[in-house]
Amino acid sequence: MSNYHIKHLEEYFQVYRKSVRNPEGFWEEIAEEHFNWRKKWNKVLSWDFDKPEVKWFEGAKLNITENCLDRHIPTRGNKTAILFEPNNPNEEAQHITYNELHERVCRMANVLLSKGVKKGDRVCIYLPMIPELAVSLLACARIGAIHSVVFAGFSANALSTRINDSDCKMVICSDGSFRGNKTIDLKVIVDKGLEDCPGVETVLVVKRTNTEVTMKEGRDLWMHPLLDVAESNLEAELMDAEDPLFILYTSGSTGQPKGMVHTTAGYMVYTAYTFKNAFQYKEEDVYWCTADIGWITGHSYIVYGPLANGATTVMFEGVPSYPDYGRFWQIVEKHKINQFYTAPTAIRALAKEKLEFVEKYDLSSLKVIGSVGEPINEEAWHWYNNNVGRKKSPIIDTWWQTETGGIMITPIPYVTPTTPTYATLPFIGIQPALMDENGKEIEGNQVDGRLCIKFPWPSIARTIWGNHQRYKDTYFSAYKNMYFTGDGALRDAVGYYRITGRVDDVIIVSGHNLGTAPIEDSINEHPAVAESAIVGFPHDVKGNALYGYVILKEMGEDRNKENLKKEINQQITEQIGPIAKLDKIQFVPGLPKTRSGKIMRRILRKIASKDTSNLGDTSTLLNPEVVQDIMDNAL
Ligand code: WT7
């Protein structure tokens with residue numbers, strides 16, 4: 001028997017050792033015993049971090065939807081697969097069984113086929129958190145189309161950039177979305193974005209808000225009438241283990257967003273196995289991850305991981321503050337949630353509100369509470385532990401990335417003793433390394449360095465869509481034969497890891513990964529702006545907020561500064577989305593630059609964080625005089 005379910009610390013260590021000594025043997029056993037294959041692999045793993053190239057289960061044939069749906073039908077057909085909780089608490093929740101989900105996925109897959117979508121085509125999905133979103137992912141996977149979900153909070157411009165980068169021929173969207181007391185006209189955003197996307201042939205529109213929309217003749221079609229007449233069954237397409245399953249964009253420190261490509265078999269095996277163990281999921285449990293499916297957390301731990309285990313997974317359409325700040329806890333009580341997974345930014349926002357909002361609900365169903373997306377600070381950890389976990393449900397602080405596909409460092413609840421702010425131990429099969437600035441591995445404990453991974457795991461992203469060189473440069477060039485995460489970490493006396501944050505120009509705001517370059521590009525497009533630099537500074541709810549230093553052109557000098565700030569934020573909202581807005585904007589005469597022209601962000605970060613006692617070495621600056629000016633006028 002393989003070690004699919006780990007129950008004791010001893011067992012963890014023993015299985016971990018096995019997974020490191022013989023990774024191929026270990027993953028082969030897991031894959032063999034817990035999934036349906038139409039054909040087994042010829043080779044478990046081939047890899048070369050220099051090329052870089054990683055292949056798992058080469059030669060195997062499967063379809064991930066058969067593993068997420070069909071194989072559960074005989075034993076769990078009437079079990080709830082997706083439990084949909086609408087934005088409005090007075091609208092009834094929907095319990096979608098495995099039988100029903102199977103049927104809905106097949107119907108939509110048939111619609112996609114009838115509109116000319118073929119295996120390997122890219123389909124962009126821009127939907128709110130409604131069941132059709134999960135159904136769309138699975139419908140694409142059913143026919144071998146590659147889905148590219150774009151979070152429905154992104155702007156028209158961000159949407160069109162992503163559609164064009166991967167040449168999507170279809171977009172699935174809705175008329176609008178409900179978020180708290182707001183209704184957002186999504187179709188309007190799509191129409192605007194598509195002005196720049198000549199490759200999109202078809203737009204399928206799901207009706208959700210009944211908002212009036214313009215339907216473009218020959219391009220736009222309502223989804224529901226097509227679903228109603230579609231066949232309710234469809235044989236799944238036969239996929240290779242290494243066929244792409246999806247593309248998901250993430251911000252880089254420079255340039256365009258990166259379309260991370262995840263493939264089929266390894267992603268399935270790893271997300272399923274981590275889901276089972278990190279959440280200790282048992283057959284009758286009701287599991288809820290509050291993330292949006294527009295992010296990797298939703299792909300792996302709302303859709304694929306849970307469904308591959310035949311779990312009941314909750315999808316929540318709304319926001320934590322509507323109709324009041326007790327909404328999350330009301331849902332936990334209502335659906336007797338057993339595992340709850342959210343982000344530190346949500347925890348901090350809720351911790352600011354009256355305790356009554358959490359105290360008045362019965363949270364006794366909870367067994368495991370999770371955190372993901374950024375380091376969880378000590379105060380938030382304790383609030384979560386005391387008031388949500390009520391000191392009996394362990395907190396799992398799960399560290400991972402869009403690129404890793406699945407959870408990499410995490411406690412296993414009831415197995416690994418937790419320590420506040422520590423992601424603790426590597427998951428089975430994961431071999432972390434801390435590196436120093438000279439490229440050497442730092443051995444031993446009580447050390448800190450840059451976090452790398454030494455050996456491939458099944459769900460590592462295989463490339464960046466259309467740009468393999470960038471994949472190599474970003475992840476495999478900093479350290480030889482290592483995957484570089486971009487994060488710093490420390491390892492304590494017992495070998496527990498604590499993630500200290502990004503070491504590159506990526507800033508995590510409210511758990512969203514934002515690159516500085518695209519935001520600066522957007523600011524610089526304002527006619528009055530000459531140049532800009534943005535940095536993060538600590539914020540008690542968002543974790544980090546953005547601080548922009550802006551040099552104006554002469555024409556900007558006479559303008560009303562408050563209006564200019566509004567215009568800059570408006571521009572960012574339109575080009576990227578409201579999540580990238582700046583909290584503070586300081587107009588400056590110049591930016592501290594090195595002789596090679598590189599902005600010294602370290603100094604700007606210190607000024608933004610009001611930590612100017614020691615600015616470090618400024619001797620290499622070309623223009624040291626601007627530093628004093630910036631400090632004197634800091635916000
Ligand atoms: C970056 C990846 C993984 C899904 C959501 C974010 C940071 C993520 C933690 C954690 C400290 C964390 C890292 C990482 N991060 N989880 N538990 N503790 N930092 O995915 O948008 O690809 O961002 O989020 O800095 O590199 P992502």
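**Salt bridges and helix α7**

User: Hi! Which side chain does D220 meet in a salt bridge?
Analyst: The partner is K187, with N and O 2.7 Å apart. A salt bridge here is a side-chain nitrogen of Lys or Arg within 4 Å of a carboxyl oxygen of Asp or Glu.

User: Where do those two sit?
Analyst: D220 is in strand β12 (residues 220–222) and K187 is in helix α8, so the pair ties together parts that are 33 residues apart in sequence. Helices (H or I, at least four residues) and strands (E, at least two) are DSSP runs, numbered from the N terminus.

User: Before we go on, what sort of model is this?
Analyst: This is a predicted model, where local features need pLDDT of at least 70 and side-chain atom pairs count only at pLDDT 80 or more, while totals for chains, interfaces and linings use all residues. Residues are numbered from 1 along each chain as its sequence is written, and side-chain values use heavy atoms, leaving out hydrogens and water.

User: Are D220 and K187 buried or exposed?
Analyst: Both are buried. Buried means under 20% relative accessible area, exposed means over 50%, and partly exposed is in between (1.4 Å probe, protein chains only).

User: How many salt bridges are there in the whole structure?
Analyst: A search finds 38.

User: Nice. What does K367 pair with?
Analyst: K367 meets D285 in a salt bridge, 2.9 Å from N to O. K367 lies in the loop between α14 (356–359) and β19 (368–372), and D285 in the loop between α10 (265–278) and β16 (286–289), so this pair ties together parts 82 residues apart in sequence. K367 is partly exposed at 27% relative accessibility, whereas D285 is buried at 5%.

User: And what about R450?
Analyst: R450 forms a salt bridge with E437, their closest N and O atoms being 3.7 Å apart. R450 is in strand β22 (residues 447–453) and E437 is in the loop between β21 (432–435) and β22, so the linked parts are 13 residues apart in sequence. R450 is partly exposed, at 26% relative accessible area, and E437 is exposed, at 70%.

User: Which residues form a network through shared partners?
Analyst: K187, D191, R219 and D220 are joined into one network.

User: New topic: which residues of helix α7 are buried?
Analyst: In α7 (residues 156–165), they are A156, A158, L159, S160, R162 and I163. They pack against β6 (122–126), β8 (170–174), α8 (186–194), β14 (244–250) and α19 (561–575), where contact means heavy atoms within 4.5 Å.

User: What follows α7?
Analyst: D167 does, and its phi is positive, near 50°.
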